[in-house]
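Grab a coffee and work through these three short exercises. Try each task on the structure before you read the solution.

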Amino acid sequence: MTASRTLCLMLLLITTAGFAQKPAGVWDVFDTGAKGDGKTMDTEAIQTAIDRCHEAGGGRVYLHNGRFLSGTIYLKSNVTLEIEAGATLLGSANVNDYPNKPSQYPAYGGELVTEKMFIYAEAATNIAIIGRGTIDGRGDDFNGPFLSPSFSGRPRILHFKNCENLQVRNITLRNSGSWVQAYQSCRNLIIDGITVESRENKDIEKPRHADAPGRNTDGMDLIDCQLVRVSNCFINSGDDAICLKSLSPNEGCRDITIVNCSVTSNASGIKIGTETSGFFEDITVQNCTVFDTRVDAISLMTVDGARIERVSIANISVRNIKGAAIFIRLGARNRLYRKGAKAGTGMIKDILIENVQGSRINGYGCSITGIPGVPVENISLREIRLRFDGGSKPLMGDGVGPKPSFVANSPDDANKDVPEKIDAYPRGEMFGRLPAYGFFIRHGKNISLDNVSLDFVKEENRPAILADDIDRLDIINVKAKASSTVPETVRLKNVRNSPNLPKLN
């Protein structure tokens, strides 16, 4: 054998041996005993791989070529859980495989406990879930309680508390028992390119719970989180699709961007609230679509004492919205989520919503409302084009909570008094059919509508805009279809310091 042939053979052997070895820093769950057959419980094997990866200083735990049946998994610092395309991490159907655990951080009601989670981490850093595989929560296999803050009996898929430098990328999350993913008091969080398919009662044209009880399957909940980037996600959820919350008076959501997402929901699409204890500030939402959504497309609300300020929402397309296209609400329900806490006075100010287009919007009307003595402030709507269904079609609602007025369009709609409902649960349908088909605005200061176009398909008997108790209202180049039965396109009540309101086109 010549020297050159010998050298080539040695190089081939070295190269082949390299391919046969696992890369450094990768823990294959088959090596720790996983079966991946969808029948054998692989919880211990997966957790062992995570623990060893963490103890070694970090790396990647790898699931591939199988269906891995498991109960609760605890992710730890410097560990990336990778689920390869074609692989599924499958939740157990036995609720006892998701134990409640003591926690250093309070849960929804203030108790120091973590209730039933599929994948959980607490006080971890540099963790990630990646891959083009699927995490299936088996939510259809769990029973109640339903529509309750108590999540006992219904595990979430992902829940992270007080984690830093966290990434979730490209994964599919499906069929959760309750909130699909909840991030609480986390910092520096990236959620990119994920798919959520967790929607019971999929037919938007039926009542919300026509086929099955609801499970609070929020698509994504960001709770008192900061430095968050959400991008390129598709969410189809049984409850709110993307929802920002605050449970602590001393915490809040700050420096959050949500871009390039498409959402559809059995509740609201993109939402701040309902749990609103601390603060929400410096939040940007851009380039998103909201469609086939049962409650509101875009909703901002504070009802438990939180302040909301410096929120920018732009370039949003909405379609087939059963509630309101835009809903802004300052109320005073004042629910508490932390023991010994006291609710403050809520505030909404410095809100910019622009370049929103929508059609097939139900007949409630949009609303921007404060409460007596506490106005919403500095609200600007620009380049808004909305087309409402109009007509006398009865309003469906979402079938949850106190029922609003579902009466068909009646001659009294344009003149009815809207109750304050200061302590009511906030949703766009909370007042029933509003006395304006476009925007009902009440208890506000420095409210601006610029280049707003409002239209309806079937005949309406309400003005396009009704403003009541407003200190400085600017209406600039608003075009609104007029009703043949109502003399005004815009109706003003107690509107002050607004001397230059122009006539409408």
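**Exercise 1.** Find which residues arginine 338 touches, leaving out those up to four places away in sequence.

*Solution.* Contact here means heavy atoms within 4.5 Å. With that rule, arginine 338 touches Pro106, Ala107, Tyr108, Gly110, Gln184, Leu247, Ser248 and Pro249. Next, place the residue: arginine 338 sits in the loop between strand 29 (326-330) and strand 30 (347-361), strands being DSSP E runs of at least two residues, numbered from the N terminus.

A ground rule or two: this is a predicted model, where local features need pLDDT (the predictor's confidence in each residue, from 0 to 100) of at least 70, side-chain atom pairs count only at pLDDT 80 or more, and totals for chains, interfaces and linings use all residues. Residues are numbered from 1 along each chain as its sequence is written, and side-chain values use heavy atoms, with hydrogens and water left out.

**Exercise 2.** Work out which side chain of opposite charge is nearest to arginine 338.

*Solution.* Start with aspartate 224, the nearest one, 5.1 Å away. A salt bridge needs a side-chain nitrogen of Lys or Arg within 4 Å of a carboxyl oxygen of Asp or Glu, and arginine 338 has none, though buried (under 20% relative accessible area, 1.4 Å probe, protein chains only). Now look at the backbone: the arginine 338 side chain reaches the oxygen of alanine 107 at 2.7 Å.

**Exercise 3.** Decide where pLDDT stays under 50 with 16 contacts beyond four places in sequence.

*Solution.* Check residues 404-408. Then zoom out: the protein chain averages a pLDDT of 91, and 89% of the residues score at least 70.

Definitions and conventions:
Helices (H or I, at least four residues) and strands (E, at least two) are DSSP runs, numbered from the N terminus. Buried means under 20% relative accessible area, exposed over 50%, partly exposed in between (1.4 Å probe, protein chains only). Lys and Arg count as positive and Asp and Glu as negative; His and the chain ends are not counted. A polar contact is a pair of N or O atoms within 3.5 Å; within protein, one must be able to donate a hydrogen and the other to accept it, and residues adjacent in sequence count only if both atoms are side-chain atoms.
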